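Q: Please take a close look at one part of this structure, the packing of two helices against each other. I should then like to see how the aromatic residues are arranged.

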Amino acid sequence: MSLIFNREILFKTILIKRSNKLTTFKMAKSSFEYVKMFELDDTLLPNSWIVVRLDGKCFHKFSEDHDFSKPNDIRALRLMNYAAFSVFKEFHDLLMAFGQSDEYSFIFKKHTTLYNRRASKLLTTINSKFSSSYVYYWSKFFGTYNLKYPPTFDGRIILYPSDENLIDYMKWRQADVHINNLYNTTFWNLVLKGNMSPTQAEKRLCGTVSANKNEILYNEFHINYNNEPDIYKRGTLLLRKIINNQDTNKTYTVIVDIHDDMLKEIFWKEHSTLLTVKPSKQNFIHIGPITDIIEEQLKLKEPSE
């Protein structure tokens, strides 16, 4: 079969020197390039907060297949946080991230122009980086326990027009941590220590409120829920802060993982400039404990000016 080609299509970029100047002749467009017209414009609205939320798909089965401790597996939570940390340190347009259980929310700076605010690019890049990091760093937290199969995370993008909307979103996700963790803590104590079947425990908790669950934990299992680790009760928030290393008396800009109570207004007062275009560095002083994530960065970073 003989093929007839447009003569211009065969030309590659040619550089011709004329009068000490380079003139560039670009290759003509392919006749097949019209298919690009079928691509949809998914540019996100400007002047709005972009939230990318990832959720584990079928993670109940995944946790059972990998023998996660109940009601919380600290290894799994730390792995989630580290995968999110890997995303956060690569994308400087991220303002903060919040995670719990098998989900993580990534909040971009309001005026970001990353990937021209294309939804598909933002969502797929964040998801792929997070998912691959989860697999890559599995052994860092689970040691020799083999990953039996790769996990799956789905994702979505939500836009919030105002600071108030974004704050309410963060409060909503943290309130969800408390509701789910209190239920799971009570449920699994009834099953593991109370010798109930899952069906019996579910029936026992049906219609109960927070006060009832706290009473069950305290009276039957001598557990004061208020003393449970904050990472279980509040989830984990990632922020960039300037911290002072007391050992060297030097300041460093690092990503910190904290478990502050975002439901209280005092948090947002202390971080009053967090949502501004140019956050004040004074509100980024971290005086909490040096976590593994922070310590790892301190070993690599130079003192900030």
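A: In this predicted model, helix 2, spanning residues 74–90, packs against helix 3, spanning residues 119–136, at an angle of about 135°. The axes of helix 2 and helix 3 lie 8 Å apart. Angles over 145 degrees would count as roughly antiparallel and those from 65 to 115 as roughly perpendicular; helix 2 and helix 3 are therefore oblique to each other. Their crossing is right-handed.

The contact involves Leu 79, Met 80, Ala 83, Ala 84, Ser 86, Val 87 and Glu 90 on the side of helix 2. On the side of helix 3, these residues meet Ile 126, Lys 129, Phe 130, Ser 133 and Tyr 134. By character, the residues of this contact comprise eight nonpolar, two polar and two charged.

Phe 130 and Tyr 134, both part of the contact, also belong to a cluster linked by ring pairs. The other members of that cluster are Phe 59, Phe 62, Phe 68, Tyr 104, Phe 106, Trp 138, Phe 142, Tyr 149 and Phe 153.

Across the whole structure, a search finds 24 aromatic pairs. One aromatic pair is formed by Phe 267 and Trp 268, whose ring centres are 4.9 Å apart and whose planes stand at 85° to each other, an edge-to-face arrangement. Both Phe 267 and Trp 268 are buried.

A charged residue may be added to this picture. Lys 233, located in helix 8 (residues 230–234), counts as buried because its relative accessibility is 13%. Leaving aside residues up to four places away in sequence, Lys 233 touches Val 177, His 178, Asn 181, Tyr 225, Asn 226 and Glu 228.

Definitions and conventions:
Residues are numbered from 1 along each chain as its sequence is written. This is a predicted model: local features need pLDDT of at least 70, side-chain atom pairs count only at pLDDT 80 or more; totals for chains, interfaces and linings use all residues. Side-chain values use heavy atoms; hydrogens and water are left out. Axes are lines fitted to C-alpha atoms, for helices over the stretch in contact, and angles run from 0 to 180 degrees between N-to-C directions. Helices (H or I, at least four residues) and strands (E, at least two) are DSSP runs, numbered from the N terminus. Angles under 35 degrees count as roughly parallel, over 145 as roughly antiparallel, 65 to 115 as roughly perpendicular and the rest as oblique. A crossing is left-handed if the near helix is turned anticlockwise from the far one by less than a right angle, and right-handed if clockwise. Contact means heavy atoms within 4.5 Å. Ala, Val, Leu, Ile, Met, Phe, Trp, Tyr, Cys and Pro count as nonpolar, Asp, Glu, Lys and Arg as charged, and the others, Gly among them, as polar. Rings of Phe, Tyr and Trp (its six-membered ring) pair if their centres lie within 6.5 Å; planes under 30 degrees apart count as stacked, over 60 as edge-to-face and the rest as tilted. Buried means under 20% relative accessible area, exposed over 50%, partly exposed in between (1.4 Å probe, protein chains only).
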